[in-house]
Amino acid sequence: MSTLKICPVCASDNIVKETSKKDFVEIKGEKIELYSTVTVCQDCGETFASLKDEMELINRAREIYRNRHGIPSPGQILEFKNRYRLSLRDMEKLTGISFKTIDRYLKGSIPDPSNSTLLKIFLNFPYVVYKFLCDEKFSSEKYNFSRKKASEAIPFKIISYKTDASCSMNPVYHISQENEKKWTKTTSYTTSSLTA
Ligand SMILES: [Zn+2]
């Protein structure tokens, strides 16, 4: 299915040449301009795109759309999921987004604005992840690793509190003013890096 061997119009097999032409794909009502790869029949001049080319084109258009709107990519969502060793069900428990929907995002589907914002908050702010993982529904020991990972990623030191997997203290009351400033700086950096 990937490459055409015979021209569907004139049945010529002289269709080896691939070329790039300016094309556009509409993503959520927005025109995305990009170059697509097409196969040209040397005899009748007809151009064709294989199914593989079409899929590749759509994926590239989605990537442009995501970058334009600062929407988390499948790679970023997967990296988050792996970093905290969370299953799709765990992701659903954490974010409130159904595991089937998250699975679709991992396969390239574009999150709607509210889910996109929600994911960005979890992806950018380990403190938020940590706080949510301290909820009773994550009390099972199997989440110790995720909690530890999140607490270690918080870009400020929690005073009089050893960062570990336990939730014995509420760290929000232990941020010094100085560290809070640092935290603000770091977060603004992290947010912009997601859109870059
Ligand atoms: Zn032809």
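What covers the buried residues of α1? In this predicted model, the cover includes β1 and β2. The buried set in α1 itself is made up of L57, A61, R62 and R66, so two arginines sit on that list alongside a leucine and an alanine. Helix α1 takes in residues 51–69 and lies across β1 and β2, running at about 155° to β2. As for its length, the 19 residues of α1 reach 27 Å from the first C-alpha to the last, which is close to the 27 Å expected at 1.5 Å a residue. Just after the helix comes G70, with a positive phi of about 60°.

Stepping back to the overall layout, the protein has eight helices and three strands. Read from the N terminus, the elements run β-β-β-α-α-α-α-α-α-α-α. Of the 196 residues in the protein, 18% are buried. Among contacts with a separation of 6 or more, 55% join residues 24 or more positions apart.

The three strands form an open sheet in the order β1-β2-β3, with antiparallel pairing. Strands β1 and β3 (47–48) stand at the edges; each has a single partner strand, and so one side of each is left without a neighbour in the sheet. In general, strands of a sheet pair through backbone hydrogen bonds, in either a parallel or an antiparallel fashion. Here, β1 and β2 (residues 30–40) are joined in the antiparallel sense by 10 bridges, while the antiparallel pairing of β2 with β3 rests on two bridges. Two bridge positions help to fix the register by eye: F24 has E33 in β2 as its bridge partner, and T39 stands opposite F48 in β3. As for cover, strand β1 (residues 18–27) is hardly covered, and the count of buried residues among its 10 residues is zero.

The link from β1 to β2 is a hairpin with two residues between the strands. One of the turn residues is K28, in the loop between β1 and β2, and its phi is positive at about 45° although K28 is not a glycine. Most residues other than glycine have a negative phi, so a positive value is worth a second look. K28 counts as exposed because 11 other C-beta atoms lie within 10 Å of its own, and the limit for that class is 12 or fewer. A second non-glycine residue with a positive phi is A11, where the angle is near 65°. A11 belongs to the segment before β1, and with 10 C-beta neighbours inside 10 Å this alanine is therefore exposed too.

That leading segment also holds K5, which is exposed because just 8 C-beta neighbours fall inside 10 Å. Even so, K5 has a sequence-distant residue to keep in view: K5 and T39 are 34 residues apart in sequence, and their C-alpha atoms are 10.0 Å apart in space. T39 is the residue already placed opposite F48 in β3.

Moving on to the helices that follow, E79 lies in helix α2 (residues 74–83). Its 13 C-beta neighbours inside 10 Å make E79 partly exposed, since the exposed class ends at 12. Along the chain, E79 and L123 are 44 residues apart, yet 9.2 Å separates their C-alpha atoms. Helix α5 covers residues 113–124, and at 1.5 Å a residue its 12 residues should span 16 Å; the end C-alpha atoms are 16 Å apart, so the two figures agree. Buried in α5 are L119, F122 and N124.

Further along come α6 (residues 126–133) and α7 (residues 144–153), whose axes come within 8 Å and cross at roughly 145°. The crossing of these two helices is left-handed. On the α6 side, the residues involved are P126, V129, Y130 and L133, and they meet S146, R147, A150, S151 and A153 in α7. By residue class, the contact of α6 with α7 divides into six nonpolar, two polar and one charged.

How values were computed: Residues numbered from 1 in each chain as written. Predicted model: local features only at pLDDT ≥ 70, side-chain atom pairs only at ≥ 80, totals over all residues. Buried ≥ 20, exposed ≤ 12 C-beta atoms within 10 Å, placed from the backbone. Helix = DSSP H or I, 4+ residues; strand = E, 2+ residues; numbered from the N terminus. Pairing = 2+ DSSP bridges. Expected span 1.5 Å × (residues − 1). Axes fitted to C-alpha atoms, helices over the stretch in contact; angles between N-to-C directions. Left-handed = near helix turned anticlockwise from the far one by under 90°. Contact = placed C-beta atoms within 7 Å. Nonpolar A, V, L, I, M, F, W, Y, C, P; charged D, E, K, R; others polar.
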